[in-house]
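Reader: I would like a close look at a single part of this structure, namely how the strands are paired into sheets, and I would then like to see that part set in its wider surroundings. Please go through it slowly, and say how far the model can be trusted as you go.

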Amino acid sequence: MSRFRSFFFRLRGLFRRQSAESETSEELRAHLDALIDRNLANGMPIEEARFAALRTFGVLEQVKEQCRDQLYWRWFEQISRDLRFSLRFLRRTPVFTVTVIGSLGLCIGANTALFSAFYSLILKPLPFPEPSQLVEIYNVYPKAGVMKLPMSVAQYLDYNANADRFDGFALWAPWTFTVGAEGFPSRLMGARVTPDYFKILRVQPLLGRFYSSEECMPGHDRVVVLTQTYWERHFGGSSSVIGDDLRIDGETFSIIGVAPRSLEALHFGAAVLKPFEWTPNQADPHARHYYSNAFMFARVRPGISVGAAAAQLAILEARFFAHDTSLEMQGLRHATGHRVALGGVRAEQTKSIAQGLIFLQAAAMLLLVIGVVNVTNLMLARANARRSELAVRQALGAGPGALSLQLFTEAMLLVGASAVGAVAVASAAIRVLNIVHSEVLQSTPPITLDPQVIATTFLLSLLIATIVGLLPAARASRANLSTALHVTSHSASTGGRTIHWGNWMVSAQAGLALILLIGSALLIRSFVNVIAIEPGFAAHRFLHVRVALSSSYKGSANVKAARDRLMASLREISGVEAVTTMPGDIVKGLFGPAAFQVRGSAPGVDGALPTAWNLGVTPEFFDTLGIRIVEGRGFSDADLKETRQVHVVDRAFAESHFPGRSPVGEGFEDFSPNPKPEQWPLIVGVAEVARFTGLDVRDPRPYIYTASSSSSSRVLSLIVRTNRRTAEILPLIREQIRRVDPTLPIYDVKRLDAVLDGLLDTRRGVMVMTGVFAVIAVLLAALGIYGMLAYAVSQRTREIGIRMTIGATRRDIVTFLLRQCLSKVGIGLILGLLSSLALTGYLRSELFGIEPNDAATFVVSVLLLLGVAALAIWGPARRAAAVDPVITLRSE
Amino acid sequence: MLILKAVQHEPRHGLAIADRIQQISQLVLRVEQGSLYPALYRLEAEGLIKAEWGTSDTNRKARFYQLTAAGRKRLTAEKEHWDRLTAAVNVVLRNA
């Protein structure tokens, strides 16, 4: 209690320091005067009376000092004085101050930005209660090379009824739809979800209600829940929206509720949620592996491990195969090695970039270490240059503690300013990261600069300030007063210790910079290797445009007629050379790898089958894309009418499965339930290799093309080959499509080379950022070397002068300095080289067409750094050579 | 404790407190009067005494210190503690 009170007493004392000071003086003065009065009354002469009073009272200033201790904290006063002094000092050396704040701000900022990404995408818990219990469940067919496929309604029903280690399951499927008035249709993203979705996430409606399971029945599912963002953006957040109608794809839906924003953390960008409905066909237990069309989310029961939960699902899957003994299902199980897998919800979403992020974070940390070493070095050099100043202050009575505190305060100021700068750098960097992020990961919310991350940044800065400030402070407090005063600037050569420290740091910087440089060089060469790969078609000449036919086009005949009309109208445009349609995205699109067995061949060990990409294409596909048929023939319209399936394989397939002979006329084993002889799938031709799955696929699968009419889907992907520029041709394409049907929404307009390029975004991001880090690292190292040597030269002017008077030539001086400095850099480079050999192995997964210990890359990187080091040495060495011995010696 | 006791009955200023302490300690404790002030400020900070400006009997401005309720409590407690301590010391001395 009394400690608490005295805290406030002293706090108050701080603010009324002036008045407290004068009050104390007055009180003590009064006491003294009273004593003098008393002595005078006793008959003493005035002088004697004053002395006697002072004797009784004690030393006035000492008493005042002690009183101040009681009235307020004197350390506070001291710190504010240190702060003022430091500020003045830093203002007087602007180059030093800007260099330190700039380099540290950049290094810390890079770390803050990446850590923000890391935190937002990987570490940050989802905004739902007990997020660690939420999992995503998916099918894996390892032997067929399919590592993730959605789940089926049959599995959902089975799990819901029989898996008691879970608190619930939910299905989620993406849903794109058209809303808006005639003439201005727009295409939006949403989702079909089962009602348990809201239950397992434990969210409550912001407004209205969520739907019930009855509303998941086909025919009863014309209700929608809006997401908060869509509701605010398009309905102005009005609560009267409940019960209103919304026209979607030409049908009327009733708005029944608004979901809170937390939902969008899981599926960013969704506008509307509607009930997940299914047909009896899909719910049939035997359809388990046919209609895999929904993502499954679940909440594991508290106290049950994810492993135990997964084990229960494995039992249910095994039970299915025990019941369904059909040849087909047993074959599927055998050939694909099917199992279900569980993963954290967010972890599954960000799996593809997690490794790149970890790698970049490591690179940023390396950069930070270089920056800290650099700044420590600068601070040490400066503390050394200030030795005489510090010695004078020490002689005037400043204790070693006070001097250390002064140096530490300076470090705190510098690092504090850097931290503020770092947050600014980070928020700018995050804006750039988010542009890439929205291209690479579609459903995660953008990266934000969270308070947690900022707090971490400032904690990190505090740690850095301690390192950067304490080293010089420790040296200052050790400094011996008399020797420091004695040597000051008159030393013939600088104290061995500082130089030793500085050299060590130059080595460390060179080594660390080399590691970053080699890493980024490897990534750049990988990227060059990737973009040198030919996609197999002139991607820059193709434009992809997607349209969605509304439900008024009923039946496949109507859809086919609309498709033919669209293609015909597009062919009318001058500059359009060919048009075709595809069922899905042609590049990295809706096609997956499939297992196959060449007719007459035996399956591999434990029944594993080879896999290939299987792509259903229209007869005009090869012509339109300009993919050459090297053997046999392409598809014709007649193939679509045949019941027998025909295939075209690519050259890679022919070479690996039919070495030295022609695959035309050969075929595949028939896996259908009742295979008929003479109906086995036939290979009719061989096409040139084309890569639709991206360029940097490590061991590319061959392609099998299947003839397909693509008429059943109402969503049409039109591929247009043109010799005109996109900007010129696009308005014409839009106009022609409008002419066919003005209600058709046109979306996903992109050039195929841009799509292919987009697939490289993660790789490009990692490469560019590592490159930037490497450049900064090399610059910092050069700055460190330059600073160290420039400082050494300025300190050793006299030594150089003496050397020159006793016969050293200018060349000798330069060689001497060059050799001394390069040997330190050399030690660092050797250490960096060894570390790189050990570390680049971790990069292997990011590399393409290059080995982690590629000799040429290593040599070039070392030479580059040596060159930069030599440049950094050049300036100070020239200044040293320009020393005039007569002037130097006379000035002493 | 001596200071608290000195201002126990009436508000006193610094010189008067010094006089009083000298008087009750019967000149045994001779300290420099200046060192009184840091102690006074500390007690004030702890809230055991409070100070007001006033005019002394010799017509000078002076700060008068007086006991607060907390100070009174502390004085009683300290006195009890002291009594117990001296009693114990007495017992030890008598039995020795």
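Author: Two strands are taken as paired here if DSSP finds at least two bridges between them. With that in hand, and keeping in mind that this is a predicted model, one can turn to chain B, where three strands form an open sheet in the order β1-β3-β2, with antiparallel pairing. The strands at its edges are β1 (12-13) and β2 (49-55) of chain B, each of which pairs on one side only. Seven bridges join β2(B) to strand β3 (residues 61-67) of chain B in the antiparallel sense, and within β3(B) it is R63(B) that stands opposite W53(B).

The rest of chain B can be placed around this sheet. The chain has four helices and three strands, and along the sequence these follow the pattern α-β-α-α-β-β-α. Among its 96 residues, 29% count as buried, and of the contacts with a separation of 6 or more, 42% are between residues 24 or more positions apart. Confidence in this chain averages a pLDDT of 75, with 85% of the residues scoring at least 70; among its elements, the lowest mean pLDDT, 73, belongs to helix α1 (residues 2-6) of chain B, and the highest, 81, to helix α4 (residues 69-95) of chain B.

Chain A offers a sheet that can be read in the same manner. Four of its strands form an open sheet in the order β14-β21-β13-β22, and here too the pairing is antiparallel. The edges are held by β14 (576-582) and β22 (746-751) of chain A, each of which has a single partner strand, so one side of each is left without a neighbour in the sheet. On average, neighbouring strands of this sheet are turned by 20 degrees against each other, direction ignored. One of the pairings joins strand β13 (residues 542-548) of chain A to β22(A), over four antiparallel bridges, and in β22(A) the residue that bridges to V547(A) is I746(A). Across β14 and β21 (715-722) of chain A lies helix α20 (residues 555-571) of chain A, which runs at about 160 degrees to β14(A).

For the wider setting, chain A has 30 helices and 22 strands, and its domain assignment gives domain 1 (2-72), domain 2 (131-301), domain 3 (352-532 + 761-891) and domain 4 (539-753). Between the C-alpha centres of domain 2 and domain 4 of chain A the distance is 30 Å. Of the 892 residues in this chain, 36% are buried, and 83% of the contacts between residues at least 6 apart in sequence join residues at least 24 apart.

In soluble globular proteins, nonpolar side chains tend to be buried together. The largest nonpolar core has 94 residues, and the members that touch the most others are L367(A), A513(A), L516(A), L517(A), A777(A), I785(A) and L865(A). Helix α26 (residues 761-795) of chain A gives the most to this core, with 17 residues. Setting aside neighbours within four places in sequence, A777(A) is in contact with L367(A), I370(A), L512(A), A513(A), L516(A) and L517(A). Apart from this core lies another, of 52 residues, which includes A539(A), M582(A), F596(A) and F622(A). Helix α26 of chain A also holds S794(A), which counts as partly exposed because it has 15 C-beta neighbours inside 10 Å. Although 86 residues separate S794(A) from A880(A) in sequence, their C-alpha atoms are 8.0 Å apart.

As to trust, the model scores ipTM 0.71 and pTM 0.72. Chain A has a mean pLDDT of 81, and 89% of its residues reach 70 or more. Within chain A, confidence is highest in helix α8 (residues 196-201), at a mean of 92, and lowest in helix α18 (residues 481-487), at 51. Over residues 487-496 of chain A, pLDDT stays under 50, and the model has twelve contacts beyond four places in sequence for this stretch. Where pLDDT is low, the predicted coordinates should not be read in detail.

Key:
Residues are numbered from 1 along each chain as its sequence is written. Chains are lettered from A and ligands numbered from 1 in the order in which they are written. This is a predicted model: local features need pLDDT of at least 70, side-chain atom pairs count only at pLDDT 80 or more; totals for chains, interfaces and linings use all residues. Helices (H or I, at least four residues) and strands (E, at least two) are DSSP runs, numbered from the N terminus. Axes are lines fitted to C-alpha atoms, for helices over the stretch in contact, and angles run from 0 to 180 degrees between N-to-C directions. Two residues are in contact if their C-beta atoms, placed from the backbone, lie within 7 Å. Domain bounds come from an automatic or database domain assignment. A nonpolar core is a set of buried Ala, Val, Leu, Ile, Met, Phe, Trp, Tyr and Cys residues joined through C-beta atoms within 7 Å. A residue is buried if 20 or more other C-beta atoms lie within 10 Å of its own, exposed if 12 or fewer, and partly exposed in between; C-beta atoms are placed from the backbone. pLDDT is the predictor's confidence in each residue, from 0 to 100.
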